[in-house]
Amino acid sequence: MTEVSYAVADGIATITLDAPDRRNALSVEMSRELIDAARTAEADPEVGAVVVTGGAHFCAGAVREVLADVGRDPVEDTAYRNLETVYAAFTTIGTIDLPTIAAVRGAAVGAGLNLALSTDLRIVSRTARLLPGFAQIGLHPGGGHLSLLHRTAGRETAAAMGLFGEEVRGARAVELGLAWAVHEDEQVEQAARDVAARVAADPELARRLVRSFRRETAPGGLPWEVAVELERSPQMWSLRRKHG
């Protein structure tokens, strides 16, 4: 892997986005590597939990080239499949058969916010910035973004962020239910591993537990995969308008 690092210790797989020069914006290659890392963790019976992090900058969204290619021709096969791969980076993280935690420092923007919200739990730094970023660059959200916001923090927060572009920082994320705990920057990854360690100690139980958790806490609105498809058409329209 060149843009994602993967390590396992004490039953915890740590997946780290590693393209600091672009603040971990999701390229097609990085997305594929994220998918591979998630599936590697899932296939390892010794792994009981996953921590996803990006170091100083969690994830600045999708690289602009992917969006621009789709905007020029939304139905061109390669462009369409590349955006699908970016979506799959976070839908895979969100559906693997393991408990997942995002350790968020710096900014989580657009698709990067989707990645953070796709996990079962979030630990953030005091300087973390959670922002949709879609409408602010003239795009409709994608990847089931509005559904992810709603299922995590409720309608009011989903409206403030998804419709009106409000940014949420640090401790405010905990107040709104977007994150479980807030720590100083240098403590975030270790805090996430400390939480993960409790369930990772028994990998077989962890997998059974997370299946029950997701079934029993599934939102009553649209399923996430349906929301991904619902947002696809208007996002394609906005990309075409912007880059056509």
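How much accessible surface does the protein chain have, and what percentage of it belongs to carbon and sulfur atoms? The accessible surface of the protein chain comes to about 11,100 Å², and carbon and sulfur atoms hold 52% of that. Before I go on, please keep in mind that this is a predicted model, and that the values I quote are computed from it.

Let me begin with the overall picture. The chain contains ten helices and nine strands. Its radius of gyration is 17 Å, close to the 18 Å that the globule rule gives for 244 residues, so the chain is as compact as a globular protein of that length. The C-alpha trace spans about 50 × 35 × 35 Å along its principal axes, and buried residues make up 53% of the 244 residues. If we take the contacts with a separation of 6 or more, 75% of them are accounted for by residues 24 or more positions apart.

Now to the interior. In soluble globular proteins, nonpolar side chains tend to be buried together. Here the largest nonpolar core has 58 residues, and the members that touch the most others are Phe-58, Val-104, Leu-130 and Leu-178. Helix H3, which covers residues 77-95, gives this core its largest share, namely seven residues. Apart from this core there is another one, of twelve residues, with Ile-12, Val-51, Ala-181 and Ala-191 among them.

Leu-130 is a useful place to look from, and if we leave aside residues up to four places away in sequence, its contacts include Val-104, Ala-108, Leu-113, Met-161 and Leu-178. Leu-113, one of those contacts, is also among the buried residues of helix H4. All eight of the eight residues in H4, residues 111-118, are buried, so this helix is largely enclosed by the rest of the structure. Leu-178 can be approached from another side as well, since Thr-157, in helix H6 (residues 155-163), touches Gly-162, Leu-176 and Leu-178, again not counting residues up to four places away in sequence. Thr-157 has 8% relative accessibility and therefore counts as buried, the cut-off being under 20%.

Let me turn to charged pairs, of which I will show a few. A search of the whole structure finds 13 salt bridges. In one of them Glu-3 pairs with Arg-22, with the closest N and O atoms 2.8 Å apart. Because Glu-3 lies in the segment before E1 and Arg-22 in the loop between E2 and H1, this pair ties together parts that are 19 residues apart in sequence. Glu-3 is buried, with a relative accessible area of 16%, whereas Arg-22 counts as partly exposed at 23%. Glu-3 is also touched by Glu-29, a residue of helix H1 (residues 28-43) that is itself partly exposed, with a relative accessible area of 38%.

A second salt bridge joins the side chains of Asp-97 and Arg-211, at 2.8 Å from N to O. This one links distant parts of the chain, with Asp-97 in the loop between H3 and strand E4 and Arg-211 in helix H9, 114 residues apart.

In helix H10 the picture is a local one. The side chains of Arg-232 and Glu-229 meet in a salt bridge of 3.1 Å, N to O, and because these residues are three apart in H10, they are separated by about one helical turn. Arg-232 counts as buried at 6% relative accessibility, while Glu-229 counts as partly exposed at 45%. Glu-84 joins these two residues in a network of salt bridges.

On the outside, Leu-222, Val-226 and Leu-230 form a nonpolar surface patch, with about 260 Å² of accessible area together. Leu-222 lies in the loop between helix H9 and helix H10, and its relative accessibility of 44% makes it partly exposed.

I will finish with two backbone details. Which phi angle does Asp-10 have? It is near 55 degrees, a positive value in a residue other than glycine. Asp-10 sits in the loop between strands E1 and E2 and is exposed, with a relative accessible area of 73%. Asn-24 likewise has a positive phi, of about 60 degrees, although it is not a glycine. Asn-24 lies in the loop between E2 and H1, yet at 1% relative accessibility it counts as buried.

Notes:
Residues numbered from 1 in each chain as written. Predicted model: local features only at pLDDT ≥ 70, side-chain atom pairs only at ≥ 80, totals over all residues. Heavy atoms only, no water. Core = buried A, V, L, I, M, F, W, Y, C linked by side-chain atoms within 4.5 Å. Buried < 20%, exposed > 50% of the residue type's maximum accessible area, 1.4 Å probe, protein only. Helix = DSSP H or I, 4+ residues; strand = E, 2+ residues; numbered from the N terminus. Contact = heavy atoms within 4.5 Å. Patch = residues over 30% accessible without salt bridge, like charges linked within 9 Å, V, L, I, M, F, W, Y side chains within 5 Å. Areas by Shrake-Rupley, 256 points an atom, 1.4 Å probe, with all protein chains shown as cover. Salt bridge = Lys/Arg side-chain N within 4 Å of Asp/Glu carboxyl O. Rg over C-alpha atoms; globule rule 2.2 N^0.38 Å.
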